[in-house]
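Here are some short exercises to work through with the model open beside you. Try each task before reading its solution.

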Amino acid sequence: MKFKLFATKDTGTVLILDGDNVIGYRIVNLLLKEGQYPGVELRVGFREMHAPDELAEGWDSVEKIKFVWEDESTYDDALKGVKTVFISTPTTPDFDTHFKTFMAACKKAHVHRIIKLSWYHSMRSKAEDPTKYFGDPEYLSSQDHFHDIPLVHQHALCDGDLIVGGVDCTILFASHLMSSVLEYQGKTLKEEGVFYGASGGKGVNYVSPNDVADVAVRAILDPKTHKRQGYTLTGPEATTDEELARLLSTHFDTTITYIEKPLNFFTDNSASIEKLKASGVEETMNFPKGGDFERLSGRKPETFEDYLMNGGDTMSPLERNVVSSHTVTMMDKIEVEFPEEKHYITMVEKIGKTSAETAQ
């Protein structure tokens, strides 16, 4: 089913960074599935190049290029002639430092716009109306408990730089990706049949990477509608890790056991994430279940069971490596369609200089 939108000359050459990860890979697959748009060309950045048989059908028509966040010498070639960039969630150390350099390279290359995947709540604080602070770097000095997660705070710094950096942007604030279970615990799932956590029986909000990729493609191909906007992307419900283990057991037709571990079992980022899960904040009535997704896409967000069943060829090589070790029946690629109703603005336009910028 075709997207009901019109790519413009403002879209131009699109660079998808980290194209083999769970979001970048899906974006490329969706764009290839939708067919050619006049004036739109795809370039995909890889840390490590892949053999053709590791990628989905149609990838032979995609320009592939080396891109490594820590190697700034790879920036200029990747950005040559590019108008639109999609940045997925990196896990490299000091990403916020590399991001500043990359932003400078984008300006040098005359990149028009950037779509960035971020973490839910990275730009939130205890302010009553956080959207009014978008565009104000002073806003970042006010933190909440989500900033106890180093990765979230890193994203907040990058998001702030992006908003005030002079490049048109769209930011996707996503909760825990459903694919993270396969991505980070795939080996123990396959070899030991266990799933580790420290959520204390609390519900966790997982969002489907299919839904995140859906909104990313809309932002890429419809720059005018999504100019300077931020979207909250969350799953439809909170799921305990015990329930998740049962879903995985049913889907893979094998026994997968959830095992509660102490926080010191995990690395710093993972321990902070598990602590957040155990707080129970994601199962409260105030947590935005589904976020902006249904309004933007015209359909309900996927459940965890939907994600497992609807993966198909859209799954990244890493996910497929886990799934292929089990006997699984997958449906075809996801299909998406634009709603007829007009989108609402959720990121306010920056007006004039902020007090922090004036002081500089």
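Buried means under 20% relative accessible area, exposed over 50%, and partly exposed in between, with a 1.4 Å probe and protein chains only. This is a predicted model, in which local features need pLDDT of at least 70, side-chain atom pairs count only at pLDDT 80 or more, and totals for chains, interfaces and linings use all residues. Residues are numbered from 1 along each chain as its sequence is written, and side-chain values use heavy atoms, leaving out hydrogens and water.

**Exercise 1.** Find the buried residues of α5 and what they pack against.

Solution.
- Step 1: Helices (H or I, at least four residues) and strands (E, at least two) are DSSP runs numbered from the N terminus.
- Step 2: Locate α5 at residues 180–191, which makes 12 residues.
- Step 3: Pick out S180, V181, L182, Q185, G186, T188 and L189, which are buried in α5.
- Step 4: Look around these buried residues, and you meet the strands β7 (176–177), β8 (194–197) and β9 (204–207), along with the helices α7 (241–252), α10 (304–309) and α11 (317–323).

**Exercise 2.** Check the span of α5, then see what follows the helix.

Solution.
- Step 1: The expected span is 1.5 Å times one less than the number of residues, giving 16 Å for α5.
- Step 2: From first C-alpha to last, α5 reaches 17 Å, close to that expectation.
- Step 3: After α5 comes G193, with a positive phi near 65 degrees.

**Exercise 3.** Place α5 in the whole protein.

Solution.
- Step 1: The protein has 12 helices and 12 strands.
- Step 2: Of its 360 residues, 56% count as buried.
- Step 3: C158 is one buried residue, at 0% relative accessibility, and C169 is also buried, at 0%.

Methods. Contact means heavy atoms within 4.5 Å.
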